[in-house]
Amino acid sequence: MTMRLPRCSALSVMRPFPKDDIGLLLSLAEDAHPDVRRYALYALGCSQVDDPAVVAQLVKALRDPETCDWATRALGALGPAGRTAAASSLRNAWAGRTPV
């Protein structure tokens with residue numbers, strides 16, 4: 001984990017967000033350590049960039065039980081594109097389920 005977690009944390013508070021680091025965060029969102037993945041997702045949400053790759057990574061993280069809460073928050077933080085993707089993903093996840 002070394003410096004990956006502090007790097008994600010630092011990127012999440014930088015303003016303006018360094019858009020050149022989106023690729024780094026996308027790769028860290030696939031890290032073996034759940035904490036690194038969580039902080040990378042958080043930083044992606046803080047980036048507020050309108051990038052389909054970011055939205056796709058966050059939607060993918062919704063399927064990971066160790067990161068789904070963070071991915072949901074990050075999608076909401078992205079703005080309209082993220083919220084639309086989150087709603088669509090939730091509709092798809094619940095499609096075909098029997099109401100309780």
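Leaving aside its neighbours within four places in sequence, which residues is Gln48 in contact with? Hold that thought while we get our bearings, and keep in mind that what you're looking at is a predicted model.

Start with the big picture. The protein chain has six helices and zero strands, so if you read along the sequence you get the pattern α-α-α-α-α-α. There are 100 residues in the protein chain, and buried ones make up 39% of them. On the outside, the chain exposes about 6100 Å², with carbon and sulfur atoms supplying 58% of that area. How does the chain meet itself? Take the contacts between residues at least 6 apart in sequence: 56% of these join residues at least 24 apart.

Now zoom in on helix H3, which covers residues 34–47. Its 14 residues should span 20 Å at 1.5 Å a residue, and the C-alpha atoms at its ends are indeed 20 Å apart, so expectation and model agree. Is H3 enclosed or open? Ten of its 14 residues are buried, so the rest of the structure largely encloses it. Among those buried residues are Val36, Ala40, Leu41, Leu44 and Ser47, and Arg37 and Arg38 are on the list too. What do they pack against? The buried residues of H3 meet helix H1 (4–13), helix H2 (22–28), H4 and H5.

Some of H3's residues belong to a bigger story, the largest nonpolar core. This core has 26 residues, and the ones touching the most other members are Ile22, Leu25, Leu41, Leu44, Val54, Leu58 and Leu75. The elements giving two or more residues to the core are H1, H2, H3, H4, H5 and helix H6 (80–94). Leu58 is a nice one to click on. Not counting residues up to four places away in sequence, Leu58 touches Leu41, Leu44, Ala71, Ala74, Leu75 and Leu78. Leu58 is also one of the buried residues of H4, along with Val54, Val55, Gln57, Val59 and Ala61. While you're at H4, look at its start: a side-chain oxygen of Asp51 reaches to within 2.8 Å of the backbone nitrogen of Ala53.

Keep going past H4 and you come to Thr67, in the loop between H4 and H5. Is Thr67 buried or exposed? Its relative accessibility is 2%, and the cut-off for buried is under 20%, so Thr67 counts as buried. Setting aside residues up to four places away in sequence, Thr67 touches Pro34, Arg37, Arg38, Leu41 and Ala61.

Next, the aromatic rings. The structure holds two aromatic pairs. In one of them, the ring centres of Tyr39 and Trp70 are 5.2 Å apart and the planes sit at 50°, so this pair is tilted. Tyr39 lies in H3 and Trp70 in helix H5 (residues 68–78), so the pair ties together parts that are 31 residues apart in sequence. Are these two residues hidden away? Tyr39 has 30% relative accessibility and counts as partly exposed, and Trp70 is partly exposed as well, with a relative accessible area of 27%. The other pair is Tyr42 with Trp70, and here the rings are edge-to-face: 6.3 Å centre to centre, with 80° between the planes. This pair also links distant parts of the chain, since Tyr42 is in H3 and Trp70 in H5, 28 residues apart. Tyr42 counts as partly exposed, at 40% relative accessibility. Put the ring pairs together and Tyr39, Tyr42 and Trp70 are linked into a cluster.

That brings us back to Gln48, the residue we opened with. Gln48 follows H3 and has a positive phi, near 55°. Its place is in the loop between H3 and helix H4 (52–61). Is Gln48 buried or exposed? With 56% relative accessibility, and the exposed class beginning over 50%, Gln48 counts as exposed. Even so, Gln48 has partners from further along the chain: once neighbours within four places in sequence are left aside, Gln48 is in contact with Ala77 and Leu78. Leu78 has already come up, as one of the residues that Leu58 touches. Gln48 and Gly82 are worth a look too: they are 34 residues apart in sequence, and their C-alpha atoms are 9.0 Å apart in space.

Key: Residues are numbered from 1 along each chain as its sequence is written. This is a predicted model: local features need pLDDT of at least 70, side-chain atom pairs count only at pLDDT 80 or more; totals for chains, interfaces and linings use all residues. Side-chain values use heavy atoms; hydrogens and water are left out. Rings of Phe, Tyr and Trp (its six-membered ring) pair if their centres lie within 6.5 Å; planes under 30 degrees apart count as stacked, over 60 as edge-to-face and the rest as tilted. Helices (H or I, at least four residues) and strands (E, at least two) are DSSP runs, numbered from the N terminus. Buried means under 20% relative accessible area, exposed over 50%, partly exposed in between (1.4 Å probe, protein chains only). Contact means heavy atoms within 4.5 Å. Accessible areas come from the Shrake-Rupley method with a 1.4 Å probe; for residues, only the protein chains shown count as cover. The expected span of a helix is 1.5 Å times one less than its number of residues. A polar contact is a pair of N or O atoms within 3.5 Å; within protein, one must be able to donate a hydrogen and the other to accept it, and residues adjacent in sequence count only if both atoms are side-chain atoms. A nonpolar core is a set of buried Ala, Val, Leu, Ile, Met, Phe, Trp, Tyr and Cys residues joined through side-chain atoms within 4.5 Å.
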